[in-house]
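Hi,

Here is the structure I promised to pass on. Have a look at it first, and then read on for my notes.

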Amino acid sequence: MAMAAYVKLILGSVAFSIFWVLAVFPTVPLLPIGRAAGSLLGGILMVIFQILTVDQAYQAIDLSILVLLFGTMVVSGYLERADAFKYLGKLLTWKSKGAKDLICRICLISAISSSLFTNDTSCMVLTEFVLKIARQNHLPPQPFLLALASSANIGSTATPIGNPQNLVIATQSGVSFGEFLIGILPAAVVGLVCNALLLIFMYGDLLSVKKGQQDSTVAFNGDGVDHQLSPATMSHVETTNVDSVHHESLRNRVNSKQAMGAAEVPWSLNGAYWDHRNQKLWKSCVYIVVVGMLVSLLMGFNMSGTAITAALALMILDFKDAVPCLEKVKKTTILR
């Protein structure tokens, strides 16, 4: 009997090791089948080695966790389409006071976004903005990327929807969203502060930018980021501005003539305007649905049901084929 237990332990360890290798190295040369197939292979081996029966294997699949994870990923996809992460990226440089201030902002925004929209989604979307800001401010990207990744992991611990591990803990323990948040939030805040201070201490020399090392002239192009201009280019900019004023006056004359004729053909000229209004209305609806989902979670409603309801509401509001959104969820799942 004891021998059979040892055999099960060895066979179970073999099955888990195969799964672990394929999950960590999905393109391993000996069996390049990917994470999804590797996970399925590991589960099948558990049944073949009689570690679990078929019924026990089915019971081990927690549909509530899968539904909650799927719902939050769909909601994150629609939030990305509604430019929510773009607005978060703009907050990184709004009235920024230097590189150290930027580090603190990245830590805070990364933690908040990952706690609400899962950590991997936040990292994948915000990385583009972090690299852009570092490049435009002539700063090394390593400290900011490290701040993004580490703060996303810290912030994701604060809520059950922050990462899949929290989903398992909250679902299996029966802890509500609010109870989970109240219990973990203090530790997450302390960890976030320590993380920001540690990064500033480690990269203090790289983040200390003297004013004399940068040009004093700043241009703002409307994308929320300040761009440094050399004094040699200012004369060209001034000349260009004179020409642009002349062209602008000509453009205004043409637009005034077009406006006079707008009464005759209103739909052809105002179509773009209504498209813009519809887009703004759709974005507002997305934000309202997401806020409603978070409020429902805080009120103690079933997390899986709330997440999938919000996801379906967003699909209906989009009024389009949901396949592109589901394909993006599929790609994100593979990247996990």
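Where does H7 bend, and by about how much? The bend is at Leu126, and it comes to about 40°. Before going further, please keep in mind that this is a predicted model.

**Helix H7**

H7 covers residues 119-136. Its 18 residues should span 26 Å at 1.5 Å a residue, and the end C-alpha atoms are 25 Å apart, so the length agrees. Leu126, where the bend sits, is one of the buried residues of H7. Others on that buried list include Cys123, Val125, Phe129, Val130, Ile133 and Ala134. Polar names turn up there as well, among them Asn119, Asp120, Thr121, Ser122 and Gln136. After H7 comes His138, with a positive phi near 55°.

**Helix H4 and what follows it**

H4 runs over residues 63-81. With 19 residues at 1.5 Å each step, H4 should span 27 Å, and its end C-alpha atoms are 27 Å apart, so here too the two values agree. Its buried residues include Ile65, Leu68, Leu69, Met73, Val74, Val75 and Leu79. Gly71 and Gly77 are buried in H4 as well, and so is Tyr78.

Just after H4, Asp83 takes a positive phi of about 65°. Asp83 belongs to the loop between H4 and helix H5 (84-93). Is Asp83 buried or exposed? Neither quite: its relative accessible area is 22%, so Asp83 is partly exposed, given that buried means under 20%.

Gln50 is another one to look at. It has a positive phi of about 60° although it is not a glycine. Most residues other than glycine have a negative phi. You'll find Gln50 in the loop between helix H2 (34-48) and H3. Gln50 counts as exposed because its relative accessibility is 59%, and the cut-off for exposed is over 50%.

**A nonpolar patch on the surface**

Which residues make the nonpolar surface patch? They are Val54, Tyr58, Ile61, Leu63, Leu66 and Val67, and the patch is about 590 Å². Two elements give two or more residues to it: helix H3 (54-59) and helix H4. H4 gives the most, with three residues. So H4 has a part in this patch as well as the buried residues listed above. On the H3 side there is Val54, which counts as partly exposed because its relative accessibility is 47%.

**Aromatic pairs**

How many aromatic pairs does the structure hold? There are three, and I'll describe two of them here.

One is Phe16 with Phe19, a tilted pair at 5.8 Å centre to centre with 55° between the planes. Both residues lie in helix H1 (residues 2-24), three residues apart, which is about one turn of the helix. Phe16 has a relative accessible area of 46%, so it is partly exposed. Phe19 is partly exposed too, with 27%.

The other is Trp20 with Phe25, an edge-to-face pair: 6.4 Å centre to centre and 80° between the planes. Trp20 is at 45% relative accessibility and so counts as partly exposed. For Phe25 the value is 47%, which also means partly exposed.

That's my list.

Cheers

Note on methods:
Residues are numbered from 1 along each chain as its sequence is written. This is a predicted model: local features need pLDDT of at least 70, side-chain atom pairs count only at pLDDT 80 or more; totals for chains, interfaces and linings use all residues. Side-chain values use heavy atoms; hydrogens and water are left out. Patches are made of residues with over 30% relative accessible area and no salt bridge: like charges are joined within 9 Å, nonpolar side chains (Val, Leu, Ile, Met, Phe, Trp, Tyr) within 5 Å. Accessible areas come from the Shrake-Rupley method with a 1.4 Å probe; for residues, only the protein chains shown count as cover. A salt bridge is a side-chain nitrogen of Lys or Arg within 4 Å of a carboxyl oxygen of Asp or Glu. Helices (H or I, at least four residues) and strands (E, at least two) are DSSP runs, numbered from the N terminus. Buried means under 20% relative accessible area, exposed over 50%, partly exposed in between (1.4 Å probe, protein chains only). Rings of Phe, Tyr and Trp (its six-membered ring) pair if their centres lie within 6.5 Å; planes under 30 degrees apart count as stacked, over 60 as edge-to-face and the rest as tilted. The expected span of a helix is 1.5 Å times one less than its number of residues. The bend at a residue is the angle between axes fitted to the seven residues ending there and the seven starting there.
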